[in-house]
Amino acid sequence: MKKKTFVYTAFALLAMGFSACQKESAMLTFTAQTETGNDKTALNDNLYFEWDDNDEVEIFNTSSHATFSVTPRQDNRIWADLVGQNIGEAPYTAIYPASIATSTVNAVTLPEYQQTTDGNLHNFPMMASSNTNEILFTNLCAAVRISLPQGTAKLQRIEVVADQPISGRCSISNYTDGKPYAVATSDGSKFAALVISNPTANNNDEYCIALPAGTYHDFDIRLYSTEGAVCSKTVTSSDGINLIRNVITTFEFASAEFETERVARLAAHAFSTNNPNNPITINPTKIVFHYHSN
């Protein structure tokens, strides 16, 4: 009886141990570091981007992929622990933020709308490849810093229109330094915008937006204030404006004059049921405004 009890107990312990191993192997953990460079606004004194607590990374191997949560290290937030479902063995490819990942590691989708809080640009696109559980990210884009005169009106968003696509689907290619970078495809959008979180508390005069590296010739930039006014700026060069991967390019404006946004007033007037000149009820399904001049 004692011998049988011992065998049963040993078997039970073995089964429990095997179950625990299975439970542990269901998760996978990586350590991740960001790339240094003048490319973001959320930089520490050593020009490194610091991770956010709500960040997510998409990690691929040759047969699967999963979304990993990010836990920044409190003593050094350029490092983070990534935890997610065990997708199997290396090699691994990681894409940050997870929201730009597609079904393949050969393409990402750059959003039309980016977010900034207190001058810090969120979710600057990054990518990494690794054969181990240590991941060293590099940046997929260039950045444009829009520098305005001190005391410029509080902004709620900045819109950028370029002479070639700057958002939407991008293929991944190798840059001149051999590192991966995002290349906008011809069917992408020439529009991108930076949305300022909590704009009424915003006192920044500099804003960064992530754009694909490449040679451009003109940018139309529109600044929208919290008061409903707009300021239009143009940056143009016949020789080309080179945006470089992992480098920030500054567009500095000596003045920023805002005017009431006439388009908003026109829309409110033309489609108001209280308009005595237009008493009929209009239910438009689409309104298109073609911006031409001030």
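Two strands count as paired if DSSP finds at least two bridges between them. On that basis, strand S2 (residues 56–60) and S3 are an antiparallel pair with 5 bridges, and Glu56 stands opposite Ser69 in S3. The model is predicted. The points below cover the strands around S3, two open sheets of 3 strands, one loop residue and the cysteines.

**Strands S2, S3 and S4**

- S2 and S3 make a hairpin, with 4 residues between the two strands.
- A hairpin is also formed by S3 and S4, here with 6 residues between them.
- S3 and strand S4 (residues 79–85) run antiparallel and are joined by 4 bridges.
- Val70 has Leu82 as its bridge partner in S4.
- In a regular strand, side chains alternate between the two faces of the sheet.
- Strand S3 (residues 65–72) shows such an alternation of its side chains.
- On one face of S3 are Ala66, Phe68, Val70 and Pro72, which are buried.
- His65, Thr67, Ser69 and Thr71 point to the other face and are not buried.
- Two of these S3 residues therefore appear in the pairing above: Val70, from the buried set, is the bridge partner of Leu82, while Ser69, from the set that is not buried, stands opposite Glu56, the criterion for burial being a relative accessible area under 20%.

**Open sheet S6-S14-S15**

- This open sheet has 3 strands in the order S6-S14-S15, and their pairing is antiparallel.
- Its edge strands are strand S6 (107–110) and strand S15 (180–184), each of which pairs on one side only.
- From one strand to the next, the twist averages 45°.
- Strand S14 (residues 168–174) pairs with S15 over 5 bridges in the antiparallel sense.
- Ser173 has Tyr181 as its bridge partner in S15.

**Open sheet S17-S12-S20**

- The 3 strands of this open sheet follow the order S17-S12-S20, and the pairing is mixed.
- Strand S17 (206–211) and strand S20 (248–252) are at the edges with a single partner strand each, so each has one side without a neighbour in the sheet.
- Neighbouring strands here are turned against each other by 25° on average, with direction ignored.
- Strand S12 (residues 142–147) and S17 form an antiparallel pair with 6 bridges.
- Within that pair, the bridge partner of Val144 in S17 is Ile209.

**Loop residue Glu89**

- Glu89 lies in the loop between S4 and strand S5 (92–96).
- The relative accessible area of Glu89 is 68%, so this residue is exposed, the cut-off for that class being over 50%.
- Glu89 and Asn133 are separated by 44 residues in sequence, and their C-alpha atoms are 9.8 Å apart in space.

**Cysteines**

- The structure holds 0 disulfides.
- For Cys170, the closest cysteine sulfur is that of Cys141, at 6.7 Å, which is too far for a bond, because a disulfide requires two cysteine sulfur atoms within 2.5 Å.
- Cys170 has a relative accessible area of 0% and is buried.
- Cys231 also counts as buried, at 2% relative accessibility.

Terms used: Residues numbered from 1 in each chain as written. Predicted model: local features only at pLDDT ≥ 70, side-chain atom pairs only at ≥ 80, totals over all residues. Heavy atoms only, no water. Axes fitted to C-alpha atoms, helices over the stretch in contact; angles between N-to-C directions. Buried < 20%, exposed > 50% of the residue type's maximum accessible area, 1.4 Å probe, protein only.
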